[in-house]
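Q: I am new to this structure and would welcome a close look at a single part of it. Please examine the charged side chains that pair with one another, and then place them in the setting of the chain.

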Amino acid sequence: NVNMRGCILEWVRGIDKTERLDGIDLSNLEQGWDVLRGKSLTGKSLKGANLHGLDLSGCDFTGADLSNVNMRGCWMNGVRGLDETERLDGINLSHLEGGRSILRGKSLTGKSLKGAKLGHLDLSGCDFTGADLSNVNMSGCRMEGVRGLT
C-alpha cells in the first residue's frame with residue numbers, strides 16, 4: 001500500500017505501467033490530480049485504491065480489478081471498460097463530478113457489485129440480470145428501463 005495522499009504529482013510518469021496498484025492512495029492531491037487521465041488501466045489490479053477526486057476521464061478499465069476502489073467525486077467522462085470488469089465489489093462511484101452516465105445502458109449481467117456505492121448515477125437501461133447486488137446503494141439514481149432487479 002502506497003500513500004501519496006496530498007502529494008504534488010504534477011510531473012509523475014509511468015504510473016499506468018505498473019501492474020499492481022492495490023491500496024494506492026492518490027486522494028486529495030495538491031497538483032497532478034489528472035495523473036491517470038486517459039490512461040489504459042486494462043487488466044490492472046487496483047483493489048482498495050483511493051482515487052477520490054481524480055480526473056479519470058478517458059481511462060480504460062477493461063478487465064481491471066476494481067474491488068473496493070474509492071472513485072467518489074471523480075471526473076469520469078469517456079471512461080471505458082467498467083462493464084467489462086468482473087468484480088466491482090465495494091466500488092464507490094457516488095457523487096461523480098462528470099460522467100454520471102458511465103454505466104447507462106450497460107449490461108452488468110452476472111457481475112459482482114456487493115456493497116457498491118452507485119449514488120446519483122444514471123443507470124437507465126442497465127441490465128443487472130444475475131448480478132450480485134447485496135448491500136448496493138443506488139440512492140438518487142436514474143432507473144428508467146433498468147432490467148434484472150427482481
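A: The account below begins with the salt bridges and then turns to the cysteines, to one arginine and to the chain as a whole.

The model is a predicted one, and it holds four salt bridges. Three of them are described here, one after another.

One of these salt bridges joins Asp122 to Arg104, with 3.0 Å between the closest N and O atoms. The acidic partner, Asp122, is buried, since its relative accessible area is 8%, which lies under the 20% limit for that class. Arg104, by contrast, has a relative accessibility of 46% and counts as partly exposed. This salt bridge therefore links a buried aspartate to a partly exposed arginine.

Another salt bridge is formed by the side chains of Arg147 and Asp127, at 3.8 Å from N to O. That distance satisfies the criterion, because a nitrogen and an oxygen within 4 Å of each other are required. Asp127 is buried at 13% relative accessibility, whereas Arg147 is partly exposed, with a relative accessible area of 43%.

A further salt bridge connects Arg142 with Glu144, and here the closest N and O atoms are 3.4 Å apart. Arg142 has a relative accessible area of 48% and is partly exposed. Glu144 is likewise partly exposed, with a value of 44%. Neither Arg142 nor Glu144 falls in the buried class.

The cysteines come next. How many disulfides does the structure have? The count comes to zero. A disulfide is a covalent bond between the sulfur atoms of two cysteines. The closest cysteine sulfur to that of Cys126 belongs to Cys141 and lies 9.1 Å away, so the two are too far apart for a bond; the cut-off for a disulfide is 2.5 Å. Seen from the other side, Cys141 takes part in no disulfide, and the nearest cysteine sulfur to its own is that of Cys126, at 9.1 Å. Cys126 is buried, with a relative accessible area of 0%. Cys141 also counts as buried, at 15% relative accessibility.

Arg72 shows how parts of the chain that are separated in sequence come together. Leaving aside residues up to four places away in sequence, Arg72 touches His52, Gly53, Asn92, Ser94 and His95. Between Arg72 and His95 there are 23 positions along the chain, yet their C-alpha atoms are separated by 5.9 Å. Arg72 is partly exposed, at 34% relative accessibility, and His95 is partly exposed as well, with a relative accessible area of 33%. The backbone of His95 has a positive phi of about 55 degrees, although His95 is not a glycine. Asn68, also not a glycine, has a positive phi of about 60 degrees.

The chain as a whole provides the setting for these details. It has zero helices and zero strands. Of its 150 residues, 49% count as buried. Among the contacts with a separation of 6 or more, 20% are between residues 24 or more positions apart. The chain exposes about 7,200 Å², and carbon and sulfur atoms supply 44% of that area.

To return to the part requested, Asp122 and Asp127 are the acidic members of two of the salt bridges described, and each of these aspartates is buried. Their partners, Arg104 and Arg147, are partly exposed.

Terms used: Residues are numbered from 1 along each chain as its sequence is written. This is a predicted model: local features need pLDDT of at least 70, side-chain atom pairs count only at pLDDT 80 or more; totals for chains, interfaces and linings use all residues. Side-chain values use heavy atoms; hydrogens and water are left out. Buried means under 20% relative accessible area, exposed over 50%, partly exposed in between (1.4 Å probe, protein chains only). Contact means heavy atoms within 4.5 Å. Helices (H or I, at least four residues) and strands (E, at least two) are DSSP runs, numbered from the N terminus. Accessible areas come from the Shrake-Rupley method with a 1.4 Å probe; for residues, only the protein chains shown count as cover.
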